[in-house]
Amino acid sequence: QLQASGGGLVQAGDSLRLSCTASRRTVSMYYLGWFRQTPGKERENLAAINWVGRIAYYRDSVKGRFTISRDNAKNTVYLQMNSLKPEDTAVYYCAAGPERSGNPSRYDYWGQGTQVTVSS
């Protein structure tokens, strides 16, 4: 239902923009969120945005560096990531759900994940 793209290998301090396009118009009424996961750790919620574009959440570790936005006409949510750090290295996932939650199980739809690697 969701297709994520935009990951890659960058150096510390660089920027990347992730995109996630939904194949169903129903997600236009959902919260859209970005998560990331590293091996052995739980998937963590980074940011979320509601269906009218109001920012619902930013994780403290990404505040001021990452920006979430959405374009309902394109059924797409973006994550602009600036000043990337090696600790941002992870697989990034987009998700859609009826409410904002840090619990991944509360999201109905998931993208396939896109790898972001930040070298020092």
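Here is a short tour of this structure, stop by stop, to follow in your viewer.

**Before you start**

You're looking at a predicted model, in which local features need pLDDT of at least 70 and side-chain atom pairs count only at pLDDT 80 or more, while totals for chains, interfaces and linings use all residues. Residues are numbered from 1 along each chain as its sequence is written, and side-chain values use heavy atoms, with hydrogens and water left out.

**Stop 1: an open sheet**

Switch to cartoon view and pick out β1, β3, β8 and β7. Strands here are DSSP runs (E, at least two residues), numbered from the N terminus, and two of them pair if DSSP finds at least two bridges between them. In that order, β1-β3-β8-β7, the 4 strands make an open sheet with antiparallel pairing. Which strands sit at the edges? They are β1 (2–5) and β7 (66–71), each pairing on one side only. From one strand to the next, the twist averages 15°; the angles behind it are taken between N-to-C directions, run from 0 to 180 degrees, and use axes fitted as lines to C-alpha atoms.

As background, strands of a sheet pair through backbone hydrogen bonds, either parallel or antiparallel.

Now walk across the sheet:

- Select β1 and β3 (residues 16–22): 4 bridges join this antiparallel pair. Find Gln-3 and you'll see Thr-21 of β3 standing opposite.
- Select β3 and β8: here 6 bridges do the joining, again antiparallel. Arg-17 has Gln-80 in β8 as its bridge partner.
- Select β7 and β8: they pair in the antiparallel sense over 6 bridges. Asp-71 is matched with Thr-76 in β8.

Stay with that last pair for a moment. β7 and β8 form a hairpin with 4 residues between them, and Asn-75 in the turn has a positive phi of about 50°. Turn on the surface and check β8 (residues 76–81): 5 of its 6 residues are buried. Buried means under 20% relative accessible area, exposed means over 50%, and partly exposed is in between (1.4 Å probe, protein chains only).

**Stop 2: Ala-4**

Click on Ala-4, which lies in strand β1. Is Ala-4 buried or exposed? It counts as buried, at 4% relative accessibility. Show its neighbours, where contact means heavy atoms within 4.5 Å. Leaving out residues up to four places away in sequence, Ala-4 touches Ser-19, Cys-20, Trp-34, Cys-94, Gln-112 and Thr-114. Try the distance tool too: the C-alpha atoms of Ala-4 and Trp-110 are separated by 9.0 Å, though these residues are 106 apart along the chain.

**Stop 3: the disulfide**

Two of those neighbours deserve a click of their own. Select Cys-20 and Cys-94: they form a disulfide, with sulfur atoms 2.0 Å apart. The rule used is a pair of cysteine sulfur atoms within 2.5 Å, and by it the count comes to 1 disulfide. Cys-20 lies in β3 and Cys-94 in β9 (residues 90–97), so the pair ties together parts that are 74 residues apart in sequence. The torsion about the S-S bond is about 65°, so this disulfide is right-handed. Cys-20 is buried at 2% relative accessible area, and Cys-94 is buried at 0%.

**Stop 4: Asn-45**

Jump to strand β5 (residues 44–49) and select Asn-45. This residue is buried, with a relative accessible area of 2%. Among the residues Asn-45 touches are Trp-34, Phe-35, Tyr-57 and Tyr-107.

**Stop 5: a salt-bridge network**

Last stop! Select Arg-36, Glu-44, Arg-59, Arg-65 and Asp-88, which are linked in a network of salt bridges. A salt bridge here is a side-chain nitrogen of Lys or Arg within 4 Å of a carboxyl oxygen of Asp or Glu. The whole structure has 6 salt bridges.

Start with Glu-44 and Arg-36, whose side chains meet at 2.7 Å, N to O. Glu-44 counts as partly exposed at 22% relative accessibility, whereas Arg-36 counts as buried at 7%.

Next, follow Arg-36 to Asp-88, where the closest N and O atoms of their salt bridge are 2.9 Å apart. That pair links distant parts of the chain: Arg-36 is in β4 (residues 31–37) and Asp-88 in the loop between β8 and β9, 52 residues apart.

Finish at Arg-65, which meets Asp-88 in a salt bridge of 2.7 Å, N to O. Arg-65 sits in the loop between β6 (55–58) and β7, 23 residues apart from Asp-88. Both Arg-65 and Asp-88 are buried.
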